[in-house]
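Subject: A structure to look through

Dear colleague,

I am handing over the structure that we talked about, and below it I have written what was found in it. Please keep it open beside you while you read.

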Amino acid sequence: MFEHIQVAPADPILGLNDAYRNDPHPHKINLGVGVFKDENGATPILKSVKQAEERLVENEKTKSYLSIEGTEAYRQAVQTLLFGADHEVIAKQRAHTAQSPGGTGALRIAAEFIKKHLPEATIWVSNPTWANHQSIFQSVGLEVGSYAYYDSTAKSLDFEAMLASLSQVPSGDVVLFHGCCHNPTGIDPTNEQWAQLAKLCSKQGFLPLFDFAYQGFGSGLEEDATGLRVFLNQVQEMLIANSFSKNFGLYNERVGALTVVCESAEQADAAFSQVKRCIRANYSNPPSHGSAIVTEILTDQHLRSLWEMELKAMRTRIHEMRSLFVNTLRAKGVTQDFSFISKQQGMFSFSGLTPDQVAQLRTEFGIYIVGSGRISVAGMTKDNMEPLCDAIAKVLA
Ligand code: PLP
């Protein structure tokens, strides 16, 4: 029965991680996968998370199943973080949130929900986008289109082309936006551009799906939610897939959420009942530990301020590495302009390195970068910056 099955291609990002692990190079550097690293190159557990876990171990009374949608306290905490405490969407109960296994789990449930209830919809993703988007949506049979986003010459957002693309998207289709810290380019719309996009969305009548995997990694928890909140001033319906993998460092706990915003509480109840059916048929109900940590932190004043400080430290380190990278390359005599990297947000940037240069960095220097030239700035440290920039200077020479 299995004889005809061919070996699947390695995942472009996680496959690179495996290759990195197996590389004996003594000074290898991993700028591939999007995992935050501290100045020692480690991905430690946040202090706020450790403290929350200690409380949980002490107080946990059962390992019985959670409900399909997860705990009420978690669902409320997620909505407060997304919308702000006093948002009309919360007051009018127009949104329902289901806990999910990471942002990927939320996107997968969103995909199934869209396929089932908007079967004719095409989903539009930015060009480029996170490599897994295509797979997630195609795996449920959705048609995936792409809209213009990145100007590879100017290394910036091609906003005119983006507007022109999205003006062609018909009513009833779905458009995915990266809430902040666009992966892979690191370039987000400005507040004014978000407002224009929201107006266009309302005019065209497409459904926005916000993929919000990096809240707090860009400019701050509130600032990073601007795009999503600006949209909510213009449109009544939205899907939001958010993740706590990065901002809580809870990568392997698989914790995120899918939120459905509707025009009325009645519609939200109906739509959410269908979301729950998708979940039931997928993984039945979510795991508990990660969401319990997030709830504990978000609802406790001491843990919350500790977490916000830790999040700020992660954000600041990334900004510092961006500037140090640009300055070190310049100091090495590299004439190619990399200054755009210090203006971008989040863990990723498109370096502009060609596939050949990426391959040379890997084979000659043990430096791992995704084939598209996407670099994870979080993999840079003060210690690896000199050898990294020396190697890049050599391949560019
Ligand atoms: N969306 C984007 C844009 C991402 O970059 C990622 C993770 O890299 C995810 C979603 C998925 O996050 P998670 O690891 O929580 O599934």
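Let us begin with strand β8, which covers residues 207-212 of this predicted model. Because 5 of its 6 residues are buried, β8 is largely enclosed by the rest of the structure. On one hand, β8 is paired with strand β7 (residues 174-178), to which 5 bridges join it, and these two strands run parallel; within that pairing, V174 has L207 of β8 as its bridge partner. On the other hand, 4 bridges join β8 to strand β9 (residues 238-243), and this pair also runs parallel, with A241 of β9 serving as the bridge partner of D211.

The helices between these strands complete the picture. Helix α8 (residues 191-204) forms a right-handed β-α-β unit together with β7 and β8, and helix α9 (residues 226-234) forms a right-handed β-α-β unit together with β8 and β9. If you look at α9 more carefully, you will find that its buried residues are T226, G227, L228, V230, F231 and L232, and that these pack against α3 (72-83), α4 (88-91), β7, α8, β8 and β9.

A similar arrangement can be followed at strand β3 (122-127). There, 6 bridges join β3 to strand β4 (residues 143-148), with the two running parallel, and N127 has A148 of β4 as its bridge partner. Helix α6 (131-138) makes a right-handed β-α-β unit with β3 and β4. Strand β3 is also joined to β7, by 2 bridges and again in parallel, and in this pairing W124 stands opposite V175 of β7.

Next, the ligand. Which residues surround the ligand? They are G34, G102, G103, T104, W130, H178, N183, D211, A213, S243, S245 and G256. Helix α5 (residues 102-117) gives the most to this shell, with 3 residues, and when the shell is sorted by class, it has 2 nonpolar, 9 polar and 1 charged residues. You may notice that D211, which belongs to this shell, is the residue whose bridge partner in β9 is A241.

A241 turns up again in the interior. In soluble globular proteins, nonpolar side chains tend to be buried together. Here the largest nonpolar core has 107 residues, and those that touch the most other members are A110, A241, L258, V275, V294 and I369. Leaving out residues up to four places away in sequence, L258 touches A98, S100, A106, I109, A110, L239, A241 and V275.

F244 is worth a separate look, and you will find it in the loop between β9 and β10 (256-261). Is F244 buried or exposed? It is buried, because 26 other C-beta atoms lie within 10 Å. Again not counting residues up to four places away in sequence, F244 touches L250, V255, G256, G290 and V294. F244 and G103 are 141 residues apart in sequence, and yet their C-alpha atoms are 7.6 Å apart in space.

For a contrast, turn to K312, whose place is in helix α12 (residues 301-331). With 13 other C-beta atoms within 10 Å, K312 is partly exposed. Measuring from C-alpha to C-alpha, K312 and S219 are 9.0 Å apart in space, although 93 residues separate them in sequence.

Finally, there are some backbone details to check. Most residues other than glycine have a negative phi, and most peptide bonds are trans. The peptide bond from N127 to P128, however, is cis, with omega near 5°, and P128 is found in the loop between β3 and α6. N183 and P184 are likewise joined by a cis peptide bond, whose omega is about 25°, and P184 lies in the loop between β7 and α8. That loop between β7 and α8 also holds C181, which has a positive phi of about 50° although it is not a glycine; C181 counts as buried, with 27 C-beta neighbours inside 10 Å. R254, in the loop between β9 and β10, has a positive phi too, near 55°, and it is buried, with 21 other C-beta atoms within 10 Å.

With best wishes

Notes:
Residues are numbered from 1 along each chain as its sequence is written. This is a predicted model: local features need pLDDT of at least 70, side-chain atom pairs count only at pLDDT 80 or more; totals for chains, interfaces and linings use all residues. A residue is buried if 20 or more other C-beta atoms lie within 10 Å of its own, exposed if 12 or fewer, and partly exposed in between; C-beta atoms are placed from the backbone. Two strands pair if DSSP finds at least two bridges between them. A crossover is right-handed if, with the strands pointing away from the viewer, the path from the first strand over the helix to the second runs clockwise. A residue is near a molecule or strand if its C-beta atom, placed from the backbone, lies within 6 Å of it. Ala, Val, Leu, Ile, Met, Phe, Trp, Tyr, Cys and Pro count as nonpolar, Asp, Glu, Lys and Arg as charged, and the others, Gly among them, as polar. A nonpolar core is a set of buried Ala, Val, Leu, Ile, Met, Phe, Trp, Tyr and Cys residues joined through C-beta atoms within 7 Å. Two residues are in contact if their C-beta atoms, placed from the backbone, lie within 7 Å.
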